[in-house]
Amino acid sequence: MGLSNHSRRQVEKRAGEMIARSTSELRPLERRVLTALLARTAEGWHLFVRQRMGDPNAAVAFLIGPGGMFAVLIKDEPPDTPTARATLWQAEQRYSGVRGPGGRVLPESAVNLLVICAGDHRGAQPSELYLLLGESELPSFFGRRDQRLDRRATTLFANEAAKRLVEYERLQVPLPERTTDAVGLLAEGDLTADQVDAAQQRSFESWLTFLHPHQRAVVTRDYSGPARISGPAGTGKTVVALHRLRYLARRTTGPLLFTTFVRTLPTVHESSFHRLAPEFIDRVEFVNLHAWVRSFLGNRGHDVHVQQGKVDNAFSRAWLAHRDRLEPLEQHSYWRTEIDRVIKGRGIPSLDSYLRTLRRGRTLRLDGGVRTVVWQLYESYQRNLSEKNLCDFNDLISLALAELTEQPLDKPYEAVVVDEVQDITLVGLRLLKTLAGVGRNRLLLVGDGQQQVYPGGWRLSDADIPVQGRGEVLRVNYRNRAEVLRFAQRFDAKNQVDDLDGGSGVALRDVELANSGGKTLYWKGSPRDLSTALVTAVHNLPVPRGQSALIVFHHRDLAMCAKILNNAGIGTLHLDNYRGDTDDVLKIGTVHRAKGLDFQGVLVVQSDSDVTEETAGDQENRDLRGRQHLVAATRARDFLWWGRVVPDQS
Ligand SMILES: Nc1ncnc2c1ncn2[C@@H]1O[C@H](COP(=O)(O)OP(=O)(O)OP(=O)(O)O)[C@@H](O)[C@H]1O
């Protein structure tokens, strides 16, 4: 967006004259800085300058452009915290409810405070409330590459600002000559709905700036106790959680926690949060639940590690002693899950209590006799673990809960936000409740029962987390294009969808769609033909390969597909190692690693070989598979290729 040197000098001269005419109350520093800001209006920025200087907390100017929206303070020294807060608060109120493309609105915290002081402040301690620049650093500020708003959004906000900032004058330096590279300006009338839609063109980063009015309401609502956000895939639950963290960070001073059951997800969301609120990156901890627990226990002097191989061995030995009774009913993985997700996951303390437990999410009915055998299996497993001084993940969570109950954190979190909460165990939920403590806005649980990819289940009331009157449901799907969504809806639950607390939730079939178009392809064939079909699908991807992922449902399929791609010279990045960075490599992983993420294109390989003979627990497995398929399909924004491998008939 360069102007020629000659043009720049002309623009700066005009800007100086206009600022001098605009208001006579300016100090030299203010005059110089405002002149420099006004000169940038020739390059697509918009400037509003206050006409009367009286109120020391009011912004001197508002600056709107590709880098975002800024309330500007010009000071000799950086302001103190109360002044910065007051200015920011006033600025937020001014923009409250501004409408953006597609009926979305601007969240309050989208307005930033820019403080410009005399001299150079490059080494200064950064502030969470404002961006501090020395006068001499202005060129680098305008040279920054993070472009948050496109030209139409910029114009739209400037036109809105003109209506709202009545005591500010909109100033604009006319271009001295026609330059092809300077950004032209749009009149408000140019922004027809069609153009807005076209401009929107699915900028995947537009969630940074615009929220659905309901999303925004949730971000800013004052909750007197724990709150819950649910809603089908792609409705922006995580987006809301990230905006809320920023909103809360602006209003508090202590640490905040974002956590989830999925190991890799926090890193990816941390990188999104970094783009949304770089000023708060050190205040918000992004960590998965197990990593948090390990580090917490380590700090409390417990040297505990999960040695998975030895833990598996402890279970296998226990299984040998009880398989005669249980194997005729279900295979060994079912009973392991029963222990992990029901007995230990729910923290069931005794056989007596197990006999009375409502095993949510488990449809295979177990009578008292079978439950007694399962309990013996559990006891053998525990004995084997303790003989070798071992513990599994559930033990770590229980230990952390006991430790925390006995001695709370020295520096408690201001708020705890839990994403993908549906897959956390009940004991995990109790731990998070204890961690958040009691009080307003301290615990936010985000999830969708329809996307539960691990067996079992609970209601929030089982963990004594009351969310009555504080349950939010989001309904507009912003992720999937229409074709992709239609495909995914075939996996919709037949039964009523739970809102995580026993109430009726919204199913994927009920969402409102924000994006039209999209493409899906379905392939069905034998294992022999998979290789050619998959490699062809990757080569023919209609979206960038680096923006795409291959999702499978079993580790063995992952190994098989990785080999196929490797043999074809197609590089891959395992989702275990994905951090949300942009590159040109295809991502691959199981649905357990893909949940919570999205990609422009998704390839799914579903292998039918896992459908074993009908057993009593088969309905439960089918339901689980259905939910996993739904999660896989809804990871795709624009393009979905679904490959179904059926046993070879020849
Ligand atoms: N207000 C918005 N404006 C534009 N895009 C949005 C908005 N909200 C969400 N999105 C888009 O929708 C995608 C899905 O959002 P998000 O991951 O928050 O949904 P989710 O409900 O948590 O999904 P899931 O439950 O399937 O993991 C985001 O990547 C983002 O691109």
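**Reading burial, strands and domains in a predicted model**

User: Does Gly234 count as buried or exposed, and with how many C-beta neighbours inside 10 Å?

Analyst: Gly234 counts as buried, because it has 28 C-beta neighbours inside 10 Å, and the cut-off for burial is 20 or more. Keep in mind throughout that this is a predicted model.

User: Where is Gly234 found, and with which residues is it in contact, leaving aside its neighbours within four places in sequence?

Analyst: Gly234 sits in the loop between β7 and α8. Setting aside neighbours within four places in sequence, Gly234 is in contact with Asn477, Tyr478, Arg479, Asn480 and Thr634. The loop between β7 and α8 also holds Gly231. Gly231 counts as buried because 27 C-beta neighbours lie inside 10 Å. Not counting residues up to four places away in sequence, Gly231 touches Lys237, Asp448, Val473, Leu474, Arg475 and Val506.

User: Where does UniProt place the feature "binding site"?

Analyst: The unreviewed UniProt entry puts "binding site" at Gly231, Pro232, Ala233, Gly234, Thr235, Gly236, Lys237 and Thr238. The same kind of record, again unreviewed, places "domain: UvrD-like helicase ATP-binding" at residues 210-494. Over residues 210-494 the chain is 47% helix and 12% strand, and the end C-alpha atoms are 34 Å apart.

User: Let's turn to a strand. Which residues of strand β7 are on one side and which on the other?

Analyst: In strand β7 (residues 227-230), Ala227 and Ile229 lie on one side, Arg228 and Ser230 on the other. These residues are all buried, so both faces of the strand are covered, each residue meeting the cut-off of 20 or more other C-beta atoms within 10 Å. For its pairing, look at two strands. β7 runs parallel to β11 (residues 443-447), with four bridges, and Ser230 stands opposite Gly447 there. Three bridges join β7 to β12 (residues 471-473), also in the parallel sense. In β12, Gly471 is the bridge partner of Arg228.

User: How do I read a sheet: in what order do the six strands form the open sheet?

Analyst: Walk across it from edge to edge: β15-β20-β19-β16-β18-β17, with parallel pairing. The edge strands, β15 (519-525) and β17 (572-574), each pair on one side only. On average, neighbouring strands are turned by 20° against each other, direction ignored. Seven bridges link β15 with β20 (residues 636-645), and Leu521 has Trp641 as its bridge partner in β20.

User: Which strands does helix α18 touch as it packs on the sheet, and which does helix α21 touch?

Analyst: Helix α18 (residues 527-539) touches β15, β18 (586-590), β19 (599-607) and β20, and its direction makes about 165° with that of β20. Helix α21 (residues 618-633) touches β16 (548-552), β19 and β20, at about 150° to the direction of β19. Follow Leu630, which lies in helix α21. Leu630 is buried, with 24 other C-beta atoms within 10 Å. Its contacts, not counting residues up to four places away in sequence, are Ala233, Gln450, Gln451, Ala488, Phe491 and Leu508. Leu630 and Gln450 are 180 residues apart in sequence, yet 8.2 Å apart in space, C-alpha to C-alpha.

User: Finally, what does the domain assignment of the protein chain give?

Analyst: It gives domain 1 (5-200), domain 2 (212-302 + 410-478), domain 3 (308-390) and domain 4 (518-645). The centres of domain 1 and domain 2, taken over C-alpha atoms, are separated by 34 Å. Their contact takes six residues from domain 1 and 12 residues from domain 2. The domain 1 side divides into two nonpolar, one polar and three charged residues.

Key:
Residues numbered from 1 in each chain as written. Predicted model: local features only at pLDDT ≥ 70, side-chain atom pairs only at ≥ 80, totals over all residues. UniProt positions renumbered as here; feature names shortened; annotations may be inferred. Pairing = 2+ DSSP bridges. Axes fitted to C-alpha atoms, helices over the stretch in contact; angles between N-to-C directions. Contact = placed C-beta atoms within 7 Å. Domains from an automatic or database assignment. Nonpolar A, V, L, I, M, F, W, Y, C, P; charged D, E, K, R; others polar. Buried ≥ 20, exposed ≤ 12 C-beta atoms within 10 Å, placed from the backbone.
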